[in-house]
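Me: Got a model open here and I'd like to walk through it. Can you take my questions as they come?

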Amino acid sequence: MRGRRQGQAAHEPIAAIAAALVWRTPLPDVAEFDDLCNAVSALYGRRLVFDEIKDASLRATTGILFEAETFTGILVPADDSNYYSFLSRTHELCHLIVRSAPEDWFPPGTARPHQPAPDSRLFLRLCPRNSSESNDAESVREELIVEEMARMFTRRLSAYADTTEEEHFG
Amino acid sequence: MSESSAQALHGALAAELRAAQGVAHVNVRAWAERSEITHDTIYRVLNGKRPVTVVELVNLCRAIGDDPLELVARAAKRAGLDLGDGVDEIVRSDRARLALEASGLWDNLDAAYTKARSALSKTGHLLSLREWRAFVDGAGSHSLVIALADFLEVPADYLLGKTPEDEAQRIDAQLGLARSMRSLGVTKIAARSLDELEPEEMATVESAIRALIDKEEGPRS
């Protein structure tokens, strides 16, 4: 019982941070995915470019986020279902929100996940943030927040607002 | 590898190539045609006037049905070298270079030395220029490689040539991708994935990023 309460306590700030960031992202009342893209682009200050990876050899990758000189690129596998692709693209956008949201978007008593040093050599390594190579607490915390945010955005954006995850994942 | 050992190995390679030529009963002009290497170059290699490159060696051996690795082994034996150490140094040198390239430090090794010296001094290690050159040549001491592995954010066992082959291939792919991304002007990359990415998958990702950058910013020279 005590362990369960501790688990809940550890989870609550994640959900609170995710909810705060999702609802403070400026979107129209009836919002589409493009509205979210525009809001994130304005917040992050960079042009966003999406593309699909059509190579069938992708087995583990569900999304790639990279910073090129003149744009921020987001790649998702072409073979994924529309819903999963939507979730993956939204997940990557949520990373950009976490990185660039004003401090006062975070609920009192919580903080933005610590970002790696700007000159870290690991920025150019493809070590998945949720992999065993990236097991530092802050990366894992950001991943949890972002995953929660992506799910919440499916409720806030009209495309899948009236559906449930179970309908898509079974 | 010392300079005298290197010279001895070059001489031994030339001698083994001459021996292989004799066994294959091939004249230099025919060998040049088959290997697509000019006969002038082959003459100079056989006479020890010019060191043979790895690519030339492979092509010369293939043209006469010899195994380049076996020829290198025979040459090393002829030169009195312990091949195990030599191969180890080559592997370690290649990995040091890749780690430096992935970090954007290879193009200016003097500046890289200054940065490495500064970083290592914080842990009490005074890096000499001689030690630095030994590291780049694949002959750095165990403790030095461990210190520089931390600086380069690469597993020390990889730089020491001690990781299992599949793990080494994965790190090779990681560092190769970082080198490629750097050349494309990419400053950050992150993946959301269900598992570790295998080298083939990293190559697919690299290709997709390159294609998108070409499309958005134009191809790079």
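**Helix packing, sheet and interface**

Reply: α3(A) and α4(A) lie oblique to each other, because oblique is the class left over once angles under 35 degrees (roughly parallel), over 145 (roughly antiparallel) and 65 to 115 (roughly perpendicular) are taken out. Helices here are DSSP runs of H or I with at least four residues, strands are E runs of at least two, and both are numbered from the N terminus. A caution: this is a predicted model, local features need pLDDT of at least 70, side-chain atom pairs count only at pLDDT 80 or more, and totals for chains, interfaces and linings use all residues. Residues are numbered from 1 along each chain as its sequence is written, while chains are lettered from A and ligands numbered from 1 in the order in which they are written.

Me: What angle do α3(A) and α4(A) pack at, and how far apart are their axes?
Reply: About 125°, with the axes 8 Å apart. α3 covers residues 82-100 of chain A and α4 covers 137-156. Axes are lines fitted to C-alpha atoms, for helices over the stretch in contact, and angles run from 0 to 180 degrees between N-to-C directions.

Me: Is the crossing left-handed or right-handed?
Reply: α3(A) crosses α4(A) in the right-handed sense. That is, the near helix is turned clockwise from the far one by less than a right angle; anticlockwise would be left-handed.

Me: Which residues make that contact?
Reply: On α3(A), A:Leu87, A:Thr90, A:His91, A:Cys94, A:His95 and A:Val98. On α4(A), the list includes A:Ile145, A:Met149 and A:Phe153. Contact means C-beta atoms, placed from the backbone, within 7 Å.

Me: And by class?
Reply: Eight nonpolar, four polar and two charged residues. Nonpolar covers Ala, Val, Leu, Ile, Met, Phe, Trp, Tyr, Cys and Pro; charged covers Asp, Glu, Lys and Arg; the others, Gly among them, are polar.

Me: Switching to the sheet. What's the strand order?
Reply: β1(A)-β3(A)-β2(A)-β1(B). The sheet is open, with four strands and mixed pairing. Two strands pair if DSSP finds at least two bridges between them.

Me: Which strands stand at the edges?
Reply: β1 of chain A and β1 of chain B. Each has a single partner strand, so one side of each has no neighbour in the sheet.

Me: How much are neighbours turned against each other?
Reply: 15° on average, direction ignored.

Me: What packs on the sheet?
Reply: α12(B) does, touching β1, β2 and β3 of chain A. Its direction makes about 135° with that of β1(A).

Me: How many bridges join the two chains' strands, β2(A) and β1(B)?
Reply: Six, and the strands run antiparallel. A:Leu65 has B:Ala190 as its bridge partner, and A:Thr61 has B:Ser193. β2(A) also has four bridges to β3(A), again antiparallel. There, A:Glu67 partners A:Thr72.

Me: Is β1(B) buried or exposed?
Reply: Five of its six residues are buried, so β1(B) is largely enclosed by the rest of the structure. Buried means 20 or more other C-beta atoms within 10 Å of a residue's own, exposed means 12 or fewer, and partly exposed is in between; C-beta atoms are placed from the backbone.

Me: How many residues of each chain meet at the interface?
Reply: 33 of chain B contact 33 of chain A. Elements giving two or more residues on the chain B side are α11 (165-183), β1 (188-193) and α12 (199-217). α12(B) gives the most, eleven. The chain B side divides into 17 nonpolar, six polar and ten charged.

Me: What is chain B built from?
Reply: Twelve helices and one strand. Buried residues make up 30% of its 221 residues.

Me: Which backbone angles stand out in chain B?
Reply: B:His25 has a positive phi of about 50° without being a glycine. Most residues other than glycine have a negative phi. B:His25 sits in the loop between α1 (3-24) and α2 (28-35) of chain B. It counts as exposed because it has 8 C-beta neighbours inside 10 Å. B:Glu153 also has a positive phi, about 55°. Its loop lies between α9 (142-152) and α10 (156-159) of chain B. With 13 other C-beta atoms within 10 Å, B:Glu153 is partly exposed.

Methods. Contact = placed C-beta atoms within 7 Å.
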